[in-house]
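Trainee: Could you take one part of this model and walk me through it closely? After that, I'd love to see what else is worth a look.

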Amino acid sequence: MTIERREKRQGAALVAPALLWTLVFFAVPFAGMAIMSLAHLEGREIVQGFDLGNYLRIFTDPSFRRGIFVSLEITLTVTVISVLLAWPLAWIIATRVPERWRRMALLIAVLPFWTSYVVRSYSWALVLGEKGVVNNALIGLGLLSEPIQIMATRAATVTGFVHFFVMLLTLTIYSNLIQLSPNYARAAMDLGASRWQVIRLVILPLTLPGVMTGAFLTFVLCIGDYITPQILGGNNELSLPQLIMMQLGRRGDYPMASALSVVLMAIVTLAYAASARWLKMERL
Amino acid sequence: MRILSWAYLIALFTFILLPVGVLVVFSFQDGRLPVPPFKGATLEWYASVLADRALMEALLNSMIVALISAAVSLTLGFLAASGLARVVLPGSVLMRGVLIAPMTVSYLIVALGLLQMFGKIGVRPSLLATGIGHVVINLPLCFAIIYASIGEHQKNALKAARDLGAREWQVLWLVAAPMLLPSLAAAYFLAFTFSWDEFIIAFLLTRFDVTLPVEIWSMLRSGLSPETNAVGSLVFLVSIVIVVALELLLFRKGAK
Amino acid sequence: MFKQSYAVVALAVGFAPALQAEDLNALIWCDHADAELLRPFEEAHGVRVNVKEYEGTAAGLTLLEQSRPGDWDVMVIDAVDVGRAVERGLLAPLPEGTAPLDSYFPEVQLKDHVTVDGTVYAAVEKFGYNTIAYNKAAVDPADMGSLDALWSGKYDGRIAIYDYYLPVLGLVGLQAGVDTSDLDAAALEGLRTPLMSLKSASKQVSDVVGSQTALATGEVDILIGGGEWLTAVLNAENPDLDWTIPEEGGLLWAQSLAIVEGTEKPELAAEFVKYVLSPEGQARLATSSCYWGMPANKAAGDVLSDEQKAVLRWDDQAEYLKRAQLYPVPDGDTDAAMQDLWTDMLQN
């Protein structure tokens, strides 16, 4: 046996447990779910078959179809706003904050990360309510005469999401910025670029991979989240995860829940394909 | 530009800290309703949280699941990363893709898949089932972090150790692990955090023994009470203490 | 400490349920999760009651069907749904004499619903009303005498809908002049328009806590589907929160307790049912931390304090019971149609 073959065998042996775990507890269950999505409910009985009825219904029934759009709209809004808010924050921390305060500033920027996720969503309900902090402050400042409704609207859901993802994105963009050599900026300046031009033409493009990776993670985590829309959205519209949980929690309709999950998975895969050229997932 | 920067920083920090601040303030609310107006301070809700049997058990469960599932994720991720970094195997790219895949789907999908599979083969929902799910989502993370930290320098060191006759486990345990310690620590810490705070997998895959996020969710569904705020604040304060301690102990030392 | 080290071991080997001494596994609604209710029973019998909440009957039945025999010992179920569970072979007969029917409020024995082919399968334990809850400081109480007020436009944007399809569809039906017993697929289509206009008049559709928060903060002033079970726990904080049964009537909800078929601890399960139906158990259940409700067993009146009885409106029950109608009892198809309609309402 050559050394190379022994090497390969040992390498394979090291990868095998992780690979096996992923196959058994991720690939197989997903395949099972795909099969389940082709079944349908008769009374309370799950009848397995090759039945595209669930999918047909998802794309024709207005309530389900709207769920897809609601999810996409919320997720895209959240992703765009979060990136727009997080990039300057990360840039300010990385370049404007004095070096010895940098870690501290970064820590503050992600501090609420360590509250429980469920509680974090719920605390926005206290902030955004009619008598909540935001309305009180706006009225106190004379900017409003009547409280505005934020709670139980899509704006509340988006706010709750943006809060979380600004933290996440600040972190990923910051780590990207800090790795950039200051020489790029200096060279551009020497060549006569203004400060804005440096940011727009040099730094921004260089952080694009980091931004895209963060944005993709935001997209995935946001579109699959149940808690935030459920707590903050007031049930005035239903996102895909809410529809899925409704099939499970109220109707016990596993085939439909599975079909909706497959659709969710397809959307995420499309998003991945669309952004794949910028992504380096294994180099997070 | 300077003033603009600072104004932006302050505005965003306010946004980020606002809900946590409000949460903590109303955890001291004297009265049943954790909603404005603030009526005065009491520690009553903290006392009732600490006396809540179900909540304390959930806390312990979360701790156990997070500690063990993060350890399993770390081990599997570490082994796979060192394997793939060692030799170019046929299908390396595919294998990396498969290992990373769970990170690119929603937790809800992982949870629903496992729920149905476990149901079919007769495994009851339990903390074990939840832990398995958490390894599925954290393994890619651990793998990615460790794999990224194995550069040419590290590869050469491992190869040298092997050439000098070290056994495989010795190479991993005595050379690779110490050398990669910072990224192993980071991976474990992240995996622990994600498992600790994960809701949907734990919600669908547990029955009586639940984790803290699930218990908090059922508190939230079963009646309005500042106890919810108190438990959230407690988790927050404890986590902050741990994070600051880690920061002071590990990272400060490493930086100098 | 002992239990905790057990838990570690149990997790490691994956036999968590097998290792604990004696357990009673209960599939419940949140009012049964109250430690004040469970602890006396646990101490008296040296056992541990494990509880798991479930949401709708359909999901609860699915959960039972996917479990193995012996996984569950008792369950809480809507009294009107007992027949559906029995039909699927999920409930065991209740041993004779378990329920102290002699001291029950006669209207809530619901013999027709808990008995199938002459065998009793469940006993009603708690009841109350889904009607209109409101803030009397912000709403003219006279308006609340009729459900029409919610459709009048006067309270647009100040209404919340309780997120459970059965009672709210029942109420929408009452407003449209349909008795709950006549609520079938055909009648349902007629409710679509009024339901949608109710939705556009409302601010949110929310669960218990969302509704309580909204009422307590003045976010909304009226909750359709609410009742004493929602306002009672808030009474001490805000006595202005009130509820009423309008002239069209209200809905009577009645939850019952049953032993699950296949239990390996039938005696313990029966003891648990007896405990919950005893005057002490009934009083604790009636004032459970999650929500309050009238005990089915009148004897609980001797245990409850006068203040508690006042909040529960003990003395008005005879009159309320007369005016309330039972929950709709949909068959499988109607149930699915109701849920579809409900989903459409949420999504529009």
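Mentor: Let's start with a pair of residues: C:Thr131 has C:Gly226 as its bridge partner in strand β10 of chain C. Before we go on, note that this is a predicted model, in which local features need pLDDT of at least 70 and side-chain atom pairs count only at pLDDT 80 or more, while totals for chains, interfaces and linings use all residues. As for names, residues are numbered from 1 along each chain as its sequence is written, and chains are lettered from A and ligands numbered from 1 in the order in which they are written. Helices (H or I, at least four residues) and strands (E, at least two) are DSSP runs, numbered from the N terminus.

Now back to our strand. Strand β7 (residues 122–135) of chain C runs antiparallel to β10(C), and 4 bridges join the two. Two strands pair if DSSP finds at least two bridges between them. A second partner is strand β8 (residues 159–162) of chain C, which runs parallel to β10(C) and is joined to it by 3 bridges. In that pairing you can find C:Ile159 opposite C:Ile222 of β10(C). In a regular strand, side chains alternate between the two faces of the sheet.

Is β10(C) enclosed or open? Of the 5 residues in β10(C) (residues 222–226), 5 are buried, so the strand is largely enclosed by the rest of the structure. A residue is buried if 20 or more other C-beta atoms lie within 10 Å of its own, exposed if 12 or fewer, and partly exposed in between, with C-beta atoms placed from the backbone.

Helix α13 (residues 279–286) of chain C can be read in a similar way: 6 of its 8 residues are buried, so α13(C) is largely enclosed by the rest of the structure. The buried residues of α13(C) are C:Gly281, C:Gln282, C:Ala283, C:Arg284, C:Leu285 and C:Ala286. Their cover includes β7(C), along with α3 (35–45), α12 (266–277), β13 (294–295) and α14 (306–312) of chain C.

From chain C, let's cross to chain B. Here 23 residues of chain B are in contact with 27 residues of chain C; contact means that the C-beta atoms of two residues, placed from the backbone, lie within 7 Å. On the chain B side, α3 (53–86), α6 (127–149) and α11 (212–221) each give two or more residues, and α3(B) gives the largest share, with 4 residues. That side of chain B has 10 nonpolar, 7 polar and 6 charged residues. Here Ala, Val, Leu, Ile, Met, Phe, Trp, Tyr, Cys and Pro count as nonpolar, Asp, Glu, Lys and Arg as charged, and the others, Gly among them, as polar.

Chain B also touches chain A, with 72 residues of chain B in contact with 68 residues of chain A. The largest share on the chain B side of this contact, 14 residues, comes from α1(B). By class, this side of chain B holds 57 nonpolar, 11 polar and 4 charged residues. Chain B itself has 12 helices and 0 strands, and of its 256 residues, 51% count as buried. Its C-alpha trace spans about 70 × 60 × 35 Å along the principal axes.

Let's zoom in on one meeting of chains A and B. Helix α7 (residues 154–179) of chain A and helix α1 (residues 2–27) of chain B have axes that come within 10 Å and cross at roughly 125 degrees. Axes are lines fitted to C-alpha atoms, for helices over the stretch in contact, and angles run from 0 to 180 degrees between N-to-C directions. The two helices are therefore oblique to each other: angles under 35 degrees count as roughly parallel, over 145 as roughly antiparallel, 65 to 115 as roughly perpendicular and the rest as oblique. On one side of the contact are A:His163, A:Val166 and A:Met167 of α7(A), and on the other B:Phe15, B:Ile16 and B:Pro19 of α1(B). Together they make 5 nonpolar, 1 polar and no charged residues.

Inside chain A, helix α9 (residues 195–223) and helix α12 (residues 254–275) have axes that come within 10 Å and cross at roughly 175 degrees, which makes α9(A) roughly antiparallel to α12(A). Their contact has 10 nonpolar, 1 polar and no charged residues.
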